[in-house]
Amino acid sequence: MWDLVSGYVTHGDPDSASAPGLRGAHELTFEERYHRLLLVVEAMWSILKEHGHTDEELRDRIRALDAADGVIDGRRSFPPRKCRSCGSLVEGGRVRCQICGTRTVITNPFEML
Ligand SMILES: [Zn+2]
């Protein structure tokens, strides 16, 4: 499922991994990433509303996620991880270790948006 979301570009064919227009997050411009994120959020919220979730629940969850790093600042940040190769702390959301270049293991797909 995440491959569909992470590789989806509005003019691409999400059912074909080899279709032109399907690119990884690192290949997208900031604007393309913004629009992809908007599509993902809107699709997810429309599904959740169909299942009875409310705007109040959404607001409360947004606030909780924002506060997870100890600061309510309208930003979502992710904790640093230890590089599996050199042991350096890698800033949350980075795809590669800033010291040795080893690809990081990201378990939360939202870190890649
Ligand atoms: Zn490293």
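This is a short tour of a predicted model, stop by stop along the chain.

**Whole chain**

Start with everything shown. The protein has three helices and two strands. From start to end of the sequence, the order is α-α-α-β-β. Now colour by burial. Of the 113 residues, 4% count as buried. Then turn to contacts between residues at least 6 apart in sequence: 19% of them join residues at least 24 apart.

**Confidence**

Colour by pLDDT next. The mean for the protein is 80, and 76% of the residues reach 70 or more. Select residues 9-21. Here pLDDT stays under 50. The model has 15 contacts beyond four places in sequence for this stretch. Where pLDDT is low, the predicted coordinates should not be read in detail.

**Helix α2**

Select residues 30-50. This is helix α2, with 21 residues. Put a distance between its first and last C-alpha: the helix reaches 30 Å. That is close to the 30 Å expected at 1.5 Å a residue. Is there much cover over α2? Hardly any: the count of buried residues among its 21 residues is zero. Step just past the end of α2 to Gly52. Its phi is positive, about 95°.

**Helix α3**

Move on to residues 55-67, helix α3. How far apart are its end C-alpha atoms? They are 18 Å apart, and this agrees with the span that 13 residues should have at 1.5 Å a residue. α3 is hardly covered too, with a count of zero buried residues among its 13.

**The loop between the strands**

Select β1 (81-82) and β2 (89-90), then the loop between them; Gly87 lies in that loop. Is Gly87 buried or exposed? Gly87 is exposed, because only 10 other C-beta atoms lie within 10 Å, and 12 or fewer counts as exposed. Add Cys97 to the selection. It sits 10 residues from Gly87 along the chain, and their C-alpha atoms are separated by 9.4 Å.

**After β2**

Two stops remain in the segment after β2. One is Gly101. Gly101 is exposed, with 10 other C-beta atoms within 10 Å. Draw a line from Gly101 to Cys83. The pair is 18 residues apart in sequence, and 9.3 Å apart in space, C-alpha to C-alpha.

The other stop is Pro109, also in the segment after β2. How many C-beta neighbours does Pro109 have inside 10 Å? There are 14, so Pro109 counts as partly exposed. Finish with Gly93. Pro109 and Gly93 are 16 residues apart in sequence, with 9.5 Å between their C-alpha atoms.

Key: Residues are numbered from 1 along each chain as its sequence is written. This is a predicted model: local features need pLDDT of at least 70, side-chain atom pairs count only at pLDDT 80 or more; totals for chains, interfaces and linings use all residues. Helices (H or I, at least four residues) and strands (E, at least two) are DSSP runs, numbered from the N terminus. A residue is buried if 20 or more other C-beta atoms lie within 10 Å of its own, exposed if 12 or fewer, and partly exposed in between; C-beta atoms are placed from the backbone. Two residues are in contact if their C-beta atoms, placed from the backbone, lie within 7 Å. pLDDT is the predictor's confidence in each residue, from 0 to 100. The expected span of a helix is 1.5 Å times one less than its number of residues.
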